[in-house]
Amino acid sequence: RELDASMNVIADAERALVVAGVMGSLDAEVDEQTTDLVLESAYFDPAAVRATARKLGLSSDSSYRFERGVDPEGVDFAANRALDLICEVSGGHLAGATLRCGRLPELISEIVLRPAFVDQKLGFTIPHVEMIKLLESLGLQVDERRREDGEREWTVSIPSFRRDLERPIDLVEEIIRVYGTDHIPETSVQAIGTGTADDPIYTFLERSAQLLASRGFNEALLYSLREAAESETWADSPAANQLRLANPLASDQSHLRPSLLPGLLDVLKLNQARATGGTQFFERGRIFREEDGKLQEYVSIAFVCLLDESTRQWLKREPADFYSFRALVEEILGFAKVPAKEISFKPVEGEASVWQSGHAATAGTFARGFVAELGLLDALQIKGWDLDCPVLAGSLYLSPARLERARKRKIRFAPISSFPASVRDLGLLVDESVPAETVHADLTKIARKCTGAFELEALELFDLYEGKGLPEGKKSLAFSIHFRSNERTLRDDEVNPAFDKIQELVASSTDYVVRS
């Protein structure tokens, strides 16, 4: 085995003979021809022995004992006792003086304990004389004195072989252990209820889980540790270095997960292999991302659907698609009180992504405290899962700070207007490459500037046309604009000027063409 500088050894002038506290070598063995011995009695630091045994993958009776701590002050006694036995039983004789190396650790030799403290922690009273006898039966020496306020106080001397006794509460535990828990008197339990609200993270995840379960998704509970190659795929190499554990328990659980989706793909693969029919799953939990060189923890919820069209059903339901998943994402973001104006999806373009270019979208940023992603997963990126159907997925990340702010935001009730809305339709000619989401956002900003005594209630896309009759590279989008007042029925002579102003601003401040 290869040793490093952090490992203690016992060595002669030339080489290491023993890994201290763990295992000796062949050269240090005693056999029938051995006549001269160097006898060693030692105390080794438990943490150092534990780390060495772990690194070397070598567990022994010696390491088992030293890892848990031996009596430091028993080193001399053990050496002298062994010398006596060797001289008495085998006829040996002492050939040299004792050599000492190192120093013993500083130990807690005394603990101050008040009988009143014991009574308080136990919840009932044991006669103080009996408590002293219990402690002395464990090899502890108890000296009693009275403080200036008249209260009794014990100074308990701790022997070196009881290194687990460090605090007064440790002595309370020893007293009740020896006294017997079966002697604890029966009493009624009184618990004071607290009126504090649930943690916002718990509330958000619980509401999201209930929503997804009601839509036919099954919940998966998975490990939060993943393998290295996966971390580099779903994050990047610098982030993977940040996510690596210093001391992983297994090679395939060496990194904190940057996403919940790989685990859900494992679930899809397992269910497909076993033909269970399960195609929709979700998970809620924590994920970890590298931001500006620092490791950040986010609350996350993700859901997946295997688009298996071979399912045989008497009456098939509408299959899941991008828009049904987008509706789920927006509803979940609503639980975090993310305003609709902040949810602006942009298409995922380019090949360096786990999402299928042109078939996925993302909204938000980590700097704003939330990110939402949804769409088809890239077929090449998920090739290793051997899934024979496309996978539709949604994934949300929210910072704890964002959820904490959401709790402080109060939802205010606004009465529904009893007056009818006034609706105008507006057609726009835009470039094919411009997302309808972008046009909708621009048109909303303009419309809000043009309303005065009434409100812009809604702006909805109701038609998309591409093809014959339009200039090349253009598409037509038609929006319905809803105006409403809480005080009266709107008249045409006040709505029409606002609508005309909207058209003028669209023509003057954007590249969109108003269609007549």
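How many bridges pair β10 with strand β11 (residues 294–306)? Twelve bridges join β10 and β11, in the antiparallel sense. The model is a predicted one, in which local features need pLDDT of at least 70 and side-chain atom pairs count only at pLDDT 80 or more, while totals for chains, interfaces and linings use all residues. Residues are numbered from 1 along each chain as its sequence is written, and side-chain values use heavy atoms, with hydrogens and water left out.

Helices (H or I, at least four residues) and strands (E, at least two) are DSSP runs, numbered from the N terminus. Two strands pair if DSSP finds at least two bridges between them. Strands of a sheet pair through backbone hydrogen bonds, either parallel or antiparallel.

In the pairing of β10 and β11, phenylalanine 281 stands opposite valine 304 of β11. The hairpin of these strands has two residues between them. Within this hairpin, aspartate 292 takes a positive phi near 55 degrees. Strand β11 also pairs with β15, through eight bridges. These two strands run antiparallel. Here valine 304 faces alanine 393 in β15. Valine 304 thus has phenylalanine 281 opposite in one pairing and alanine 393 opposite in the other.

β15 (391–398) leads to serine 399, which lies in the loop between this strand and α12 (400–408). Is serine 399 buried or exposed? Its relative accessible area is 14%, so serine 399 is buried. Buried means under 20% relative accessible area, exposed over 50%, and partly exposed in between (1.4 Å probe, protein chains only). Serine 399 touches Tyr298 and Gly369, leaving aside residues up to four places away in sequence. Contact here means heavy atoms within 4.5 Å.

Other loop residues were also examined. Alanine 275 is not a glycine, yet has a positive phi of about 55 degrees. Alanine 275 sits in the loop between α10 (261–273) and β10 (280–291). This residue counts as exposed because its relative accessibility is 65%. Lysine 337, also not a glycine, has a positive phi of about 60 degrees. The loop holding lysine 337 runs between α11 (322–335) and β12 (346–347). At 23% relative accessibility, lysine 337 is partly exposed. Glycine 96 lies in the loop between α3 (75–90) and β4 (110–113). With a relative accessibility of 43%, glycine 96 is partly exposed. Glycine 96 and alanine 441 are separated by 345 residues in sequence and by 91 Å in space, C-alpha to C-alpha.

Helix packing was examined for two pairs. Axes are lines fitted to C-alpha atoms, for helices over the stretch in contact, and angles run from 0 to 180 degrees between N-to-C directions. Angles under 35 degrees count as roughly parallel, over 145 as roughly antiparallel, 65 to 115 as roughly perpendicular and the rest as oblique. The axes of α5 (residues 128–136) and α6 (residues 168–179) come within 9 Å and cross at roughly 95 degrees. The two helices are therefore roughly perpendicular to each other. Glu130, Met131, Leu134 and Leu135 of α5 make the contact with Leu171, Ile175, Val178 and Tyr179 of α6. Seven of the contact residues are nonpolar, none is polar and one is charged. In this scheme Ala, Val, Leu, Ile, Met, Phe, Trp, Tyr, Cys and Pro are nonpolar, Asp, Glu, Lys and Arg charged, and the others, Gly among them, polar.

In the second pair, α13 (residues 436–450) packs against α14 (residues 492–509) at an angle of about 135 degrees, with the axes 9 Å apart. That makes α13 oblique to α14. Their crossing is right-handed. A crossing is left-handed if the near helix is turned anticlockwise from the far one by less than a right angle, and right-handed if clockwise. From α13, Leu443, Ile446, Ala447 and Cys450 meet Ala498, Lys501, Ile502, Leu505, Val506 and Ser509 of α14. The contact comprises eight nonpolar residues, one polar and one charged.

Both helices also lie across strands of a sheet. This open sheet has four strands, in the order β17-β18-β16-β19, with antiparallel pairing. β17 (455–465) and β19 (513–515) are the edge strands, each pairing on one side only. Neighbouring strands are turned by 35 degrees against each other on average, direction ignored. Three bridges join β16 (residues 422–431) to β19. Glycine 427 stands opposite arginine 515 of β19. α13 lies across β16, β17 and β18 (474–484), at about 150 degrees to β17. α14 lies across β16, β18 and β19, and runs at about 10 degrees to β16.
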